Protein chains: 4
Amino acid sequence: MTRVSIIGGSGYTGGELLRILLDHPEVEVKQVSSRNHLGEFVYQVHPNLRKRTQLKFCDPAQIEDADVLFLALPHGQAQHHIDEFARLAGKIVDLSADFRLHSPEDYQKWYGESHSSPEWLTKFVYGLPELHRSEMVNASYISGVGCNATATNLALLPLVRANLIETSTPIFVEIKVGSSEGGAEGNPGSHHPERANVVRTFSAFGHRHTGEVVQELGLKNVHLTMTSVDLVRGVLASAHVMTKPGVANKDLWKAYRTMANENPFVRVVKEQRGIYRVPEPKILSGSNYADLGFELDENNGHLVAMCAIDNLMKGAAGSAVQSMNLLLGLDETTGLNFPGLHPI
Amino acid sequence: MTRVSIIGGSGYTGGELLRILLDHPEVEVKQVSSRNHLGEFVYQVHPNLRKRTQLKFCDPAQIEDADVLFLALPHGQAQHHIDEFARLAGKIVDLSADFRLHSPEDYQKWYGESHSSPEWLTKFVYGLPELHRSEMVNASYISGVGCNATATNLALLPLVRANLIETSTPIFVEIKVGSSEGGAEGNPGSHHPERANVVRTFSAFGHRHTGEVVQELGLKNVHLTMTSVDLVRGVLASAHVMTKPGVANKDLWKAYRTMANENPFVRVVKEQRGIYRVPEPKILSGSNYADLGFELDENNGHLVAMCAIDNLMKGAAGSAVQSMNLLLGLDETTGLNFPGLHPI
Amino acid sequence: MTRVSIIGGSGYTGGELLRILLDHPEVEVKQVSSRNHLGEFVYQVHPNLRKRTQLKFCDPAQIEDADVLFLALPHGQAQHHIDEFARLAGKIVDLSADFRLHSPEDYQKWYGESHSSPEWLTKFVYGLPELHRSEMVNASYISGVGCNATATNLALLPLVRANLIETSTPIFVEIKVGSSEGGAEGNPGSHHPERANVVRTFSAFGHRHTGEVVQELGLKNVHLTMTSVDLVRGVLASAHVMTKPGVANKDLWKAYRTMANENPFVRVVKEQRGIYRVPEPKILSGSNYADLGFELDENNGHLVAMCAIDNLMKGAAGSAVQSMNLLLGLDETTGLNFPGLHPI
Amino acid sequence: MTRVSIIGGSGYTGGELLRILLDHPEVEVKQVSSRNHLGEFVYQVHPNLRKRTQLKFCDPAQIEDADVLFLALPHGQAQHHIDEFARLAGKIVDLSADFRLHSPEDYQKWYGESHSSPEWLTKFVYGLPELHRSEMVNASYISGVGCNATATNLALLPLVRANLIETSTPIFVEIKVGSSEGGAEGNPGSHHPERANVVRTFSAFGHRHTGEVVQELGLKNVHLTMTSVDLVRGVLASAHVMTKPGVANKDLWKAYRTMANENPFVRVVKEQRGIYRVPEPKILSGSNYADLGFELDENNGHLVAMCAIDNLMKGAAGSAVQSMNLLLGLDETTGLNFPGLHPI
């Protein structure tokens, strides 16, 4: 059994990691730390894990050697301790934003401060298997992914790979998100009477995850607009792009089918009938699937490319475990078989 | 025009008071205070009032003489300043819990501390017009009402008045409430990812509002159980009582119809068809109605008596303005004509 | 008192009309028809109106002469009876889509069938006061507005009027809508277990309301994408446009302030702090306000222009009553003073 | 591998059965029927199963021999075909209400019609393992359970077993339920604008599931009151009972701990701190756990006994698979390890 530990396990991402790893057939969770919940049972913070584990949160300083170390700290912390962490485990998967961008300049640009361990930036593989599967197999360090970046990257990836869209004209990506994206700490806007029933555009442009889209897809003219809706889990990214002249639905089908065939967690959702004709985050809670869809207006080349994910799964903990599986030479779907619920 | 001012206007009750009073044809809102939002425009805190008022929150110390003073402070504060407030206005409506109970012993029992101005307790009329209309006309000081107490009191009032139920056997009242009951300040449990989708029994027994039911209805054996549901506004109280021998549906109809005839904001909801057959808070947002209903199992005398209200209206600001109307000799419905929305 | 009657009053738009008109100080509701609910009390279908009216739904054939006739029939019906209706009243406000487009060709294009009374199309003024106030004062016939069209038209109107945006490049409008848009009749996708928690793009392009945007704003390259979210009432339209070279925030402020100053129901929402910094439909339920906002990325000219409305009010019944007020020479805000609720 | 087939697989219970059984390590799903969706892929109806199975719905007449047959038909159908079904498989688990009650008189009483195959009623074991585990091991036929009955039975079982409560005085059980309880077919009240935000008491007394509580717990004086809340999955039953004289918290703890120790899917939830102190259906979606809790008012013996479950899991498909596991001599938790999600 592979021994894994988690630094920072009391947040939503940490909880989701625990849920997956405690049932993962090839790993054993050794330790999980949390400063805020030191000494508490894991199930007191993550109530779904009651009767599943008697683990307690330990002090991060007590974390011992492990085969794989997951870092699920708030953004900006892991970079200050990465050398220590690297002494504890040969393989690290960091779920924060600290090691997603390869260039210190990009980090400065999107996070508004200089990176404290810039030499580590290029040691990390960007943690999206659909983009970097082969590198992961031989990697030691894998970064997390931004959930909105992942929804955007996967929405656009089949199109970019198959060279079907104009990349010089602006690409507008409208992203609707649930409240768990904001993390486990409350704020005035997350108070239920204020947060329920919202359609609230909290970031019209300039969202940090844009940096991951620019880096990973090589797109320059991409604009993310973030809107909160009344949902706990889930992201839907809708990218408005213009196809190249002559691109037809059959070309798109081919590109999307290829993507789905090559990636176990990618599905194409494009039905002519029934209720669920397009990608929807509703049915993805707890699942690692990324559902992709597209709608082309053949009159003018306007293409709406959609991707729905569970932000805590494919957008965070799910991709991280999938990455770990690759890192360990396991089938990448191991431990990630929950398909989601209907209805929910 | 009657000049009214509000001490403590930045909470949800204060906001609802402002919404009503700014459109009330017989009053003029002079001042509204808030320590936390000093100097801010009212509409920055209560965004529904944008373009309706240019009032700013002032310091409570700046509040001047008025004809009527509304106190909408957090519980436990008004009692310390009631003498000062009484110098500012001859008529006071306090929306907190400070002056609802007439006996210092009861206050001690339910609030766990002694009252700082016990001599004031008997000067206040309990602020539910359906119980104390005639006293209000000549009163100077009117207390607020607990929202859950109001739902319970109105659910049981027709039955107690008409002497239709056993009062020695236990009366269990199950109360389902929305999140605005908790006030405008957040807490870990009100964070949207934790508060959405709940059916959370936060008080199985011993809720403070029980004291108001005991006092107002003279019931001894009454038990309130509070459960949060996924709703922002609204309360539904369902009282499980046993009828006296021989009580039939026609007796109940008579008692309820009398109640509705005598009280402009009481409606009886008991339909044989359609979607809305029983009282529901869903359609009461913003309305001052109390919808009453009953279902009698004639096989055994089990009666479910229901009352639905908007906790911020009939359960707080609406009853307060209705009380003020009586205090001022106005038609008690003045300014309270919004009927609620459907659908919502 | 002006005598008004409503043909087709059992749907959501008809219910909202009734709510407004029953409290309108200058009109008297004479009759309201509904084939499906013939003989039922209005409050059995619209439960918020209990204790507000004893009106019953009559047969449409029984509708008598009135000063103003509101038509709130399902789309495609009013055009077949418009001559009869015109004999009943000199002034008609139709809330359906039948008389919004002035050209029979446009009607054919967007509704997929030929119009049965094309000669009537040009007799109707398009029912958005912000666009056609002066024409309405002398009009006899006013059409309704599409709710999504209204959100889009108002989002873009200040920009088009002030000539601040590029109109040759594509304008992508992402519109998020609540479930009441679909009307009072259920369908498999509106069943609560399937409709709750959705972020469901039901129309990626080609929505019928596009025709109203093209007609009213003269835009050719505008693309509406419709997504259902978990909300009952409300629309948020976010238009992604590129500003003309040199356009800065101050130019936008000027255009929006002008719009708000000239229109009593238009507000500009653009705050630096607080929870409600941008337009949100959440706080608009029951209100006739259209909240406008904008966010400009000065680095590249990407402008997100937003408009939030209540689809049943400003997007339907509210605009219709506002239009009637103008038609009757009344203050256009009469009867439309409900400001909306917070929280909700 | 055990070959299982499902008759009637297009409803919510059938979908949940499929989700579990397709991942169950010891069974193979051979066939699944649906008249309404004949020939459609299973994933077109249950979109969470896309990429998990290529099964199509077949005609019920095409169902072949199997080791275990699950019947997931609407209530009232299986009883007419039970002889045929019994020829197809030696072991049957029926999820409908047809074979839950052992006495034809009880069936007549609660379902208002005579049973068409009364001789079969006593051949079925009532399908709640917590009550009938040992019988199931040797059974051939197992009935389903009512979801509300299950929540009530499990809430009261520890108390009845340990003889801690008065059973002659009335027991009032308030049950709050999500919309999936109503099944996959819509009705006017399930239309999203009408069903969202509800606290709707649709059955004050006389609910059919009461019969299962009377039969299984031997209680005579038990009253179920059903209220819909805004939730898709989940049931919370709160039973108001009076303890016998002298019963204290320690007695209750002992009874509940015994229950949890003897049953792998029973958990006791009673915390002094944190957000999740009492049983809540919120965190149980997809899980087979039954979370039990209790709150005793020691002043008067009022005990609130709570049970939260996912109605489609422990209240339907989960109990059915747990029963099948026992029937087949497997560990009863096999295939039922999903713990639920947090947050959700």
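In this predicted model, the contact between chain C and chain A draws 38 residues from chain C and 38 residues from chain A. On the side of chain C that touches chain A, the elements that give two or more residues are the strands β8 (171–177), β9 (199–203), β10 (222–229), β11 (235–242), β13 (290–297) and β14 (302–309), together with the helix α7 (192–195). Of these, β10(C) supplies the largest share, four residues. Sorted by class, this side of chain C holds 18 nonpolar residues, 11 polar residues and nine charged residues.

Within chain D, helix α5 (residues 129–137) shows how burial can be confined to one face. Its residues D:Pro129, D:Glu130 and D:Met136 are buried, and because they cover an arc of only 60 degrees around the axis, they lie on the same side of α5(D). These buried residues of α5(D) pack against β6 (124–125), β7 (141–143), α6 (147–161), β12 (266–268) and α10 (313–327), which belong to chain D as well.

Chain B offers a pair of packed helices. Two such helices are described by the angle between their axes and the distance between the axes. For helix α6 (residues 147–161) and helix α9 (residues 249–262) of chain B, the packing angle is about 115 degrees and the axes are 9 Å apart, while the crossing of α6(B) and α9(B) is right-handed. From α6(B) the contact is made by B:Leu157, B:Pro158, B:Leu159 and B:Arg161, and from α9(B) by B:Ala255, B:Tyr256 and B:Met259. By class, this contact of α6(B) with α9(B) comprises six nonpolar residues and one charged residue, with no polar residues.

Conventions
Residues numbered from 1 in each chain as written. Chains lettered and ligands numbered in written order. Predicted model: local features only at pLDDT ≥ 70, side-chain atom pairs only at ≥ 80, totals over all residues. Contact = placed C-beta atoms within 7 Å. Nonpolar A, V, L, I, M, F, W, Y, C, P; charged D, E, K, R; others polar. Buried ≥ 20, exposed ≤ 12 C-beta atoms within 10 Å, placed from the backbone. Arc of directions from axis to C-beta. Axes fitted to C-alpha atoms, helices over the stretch in contact; angles between N-to-C directions. Left-handed = near helix turned anticlockwise from the far one by under 90°.
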